[in-house]
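User: Got a minute to go through a structure with me? I'd like to talk cysteines and strands.

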Amino acid sequence: MIETDRLTVRPFRDDDLRRVEAILCDPNVMAFSDDGARDHDACREWLKRAMQSATNHGLPLMLAICLKSEGPLIGYISLMNDPYRVSSGEAELGFRLGHDYWGHGFATEAARGMVAHATRLPNTKSVVAIVDPNNRQSVRVLQKIGMTYEREITFEGYDYPDHKFGMELATAAH
């Protein structure tokens, strides 16, 4: 579990499905997702994978972002190490918040907490993020936490390149 000033970042639970659906089924939230808005069955599978990720004490790791004050799940944050997307020693940061929680600094706060967590992971030397350049809100979060643009990156089937941002964890630990 990760604690910040306003947030608790914790493993997912079975009773999170309704809130997960509210986020992953929202076309506004999923506008920059490869797969777009999800259906009920896809949300259930996603939640199952997220819960399993928290049991292996390494990567991938998908955690629920919750408000401390009220306790509701407002989004998720992840660190992944998919070899088709990142190099050895890199962990890919990802996050999504429910639309009602945009613009309050929650994504930035959760991302800072997750980067701090990544500094304690063995064999993880840097955190990267791969983002659609048109997703200006996410780009701004990455910049606020100290990540810098590295290069364009194009995956098979994409119409245009994403942007890769990165941060060395030795730098983040100071």
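Analyst: Cysteines come up before strands here. Keep in mind that this is a predicted model.

User: OK. How many disulfides does the count come to?

Analyst: Zero disulfides. The cut-off is 2.5 Å between cysteine sulfur atoms.

User: Why no bond for C25?

Analyst: The closest cysteine sulfur to that of C25 is in C43, and at 3.6 Å the C25 sulfur is too far for a bond.

User: And C25 itself, buried or exposed?

Analyst: Partly exposed, because its relative accessibility is 31%.

User: What about C66?

Analyst: The closest cysteine sulfur is again in C43, but 16 Å away, so that is too far for a bond. C66 is buried, with 4% relative accessible area.

User: Switching to strands. How many residues of β3 are buried?

Analyst: Seven of seven, across residues 61-67.

User: Which way do the side chains point?

Analyst: L61, L63, I65 and L67 point one way from β3. M62, A64 and C66 point the other way. In a regular strand, side chains alternate between the two faces of the sheet.

User: Which strands are joined to β3?

Analyst: β2, residues 7-11, is joined to β3 by five bridges and runs antiparallel to it. P11 has L63 as its bridge partner there. β4, residues 73-80, is joined by six bridges, also antiparallel. On that side, I65 has G75 as its partner.

User: What links β3 and β4?

Analyst: They form a hairpin, with five residues between them. In the turn, G71 has a positive phi of about 85°.

Conventions:
Residues are numbered from 1 along each chain as its sequence is written. This is a predicted model: local features need pLDDT of at least 70, side-chain atom pairs count only at pLDDT 80 or more; totals for chains, interfaces and linings use all residues. Side-chain values use heavy atoms; hydrogens and water are left out. Buried means under 20% relative accessible area, exposed over 50%, partly exposed in between (1.4 Å probe, protein chains only). Helices (H or I, at least four residues) and strands (E, at least two) are DSSP runs, numbered from the N terminus. Two strands pair if DSSP finds at least two bridges between them.
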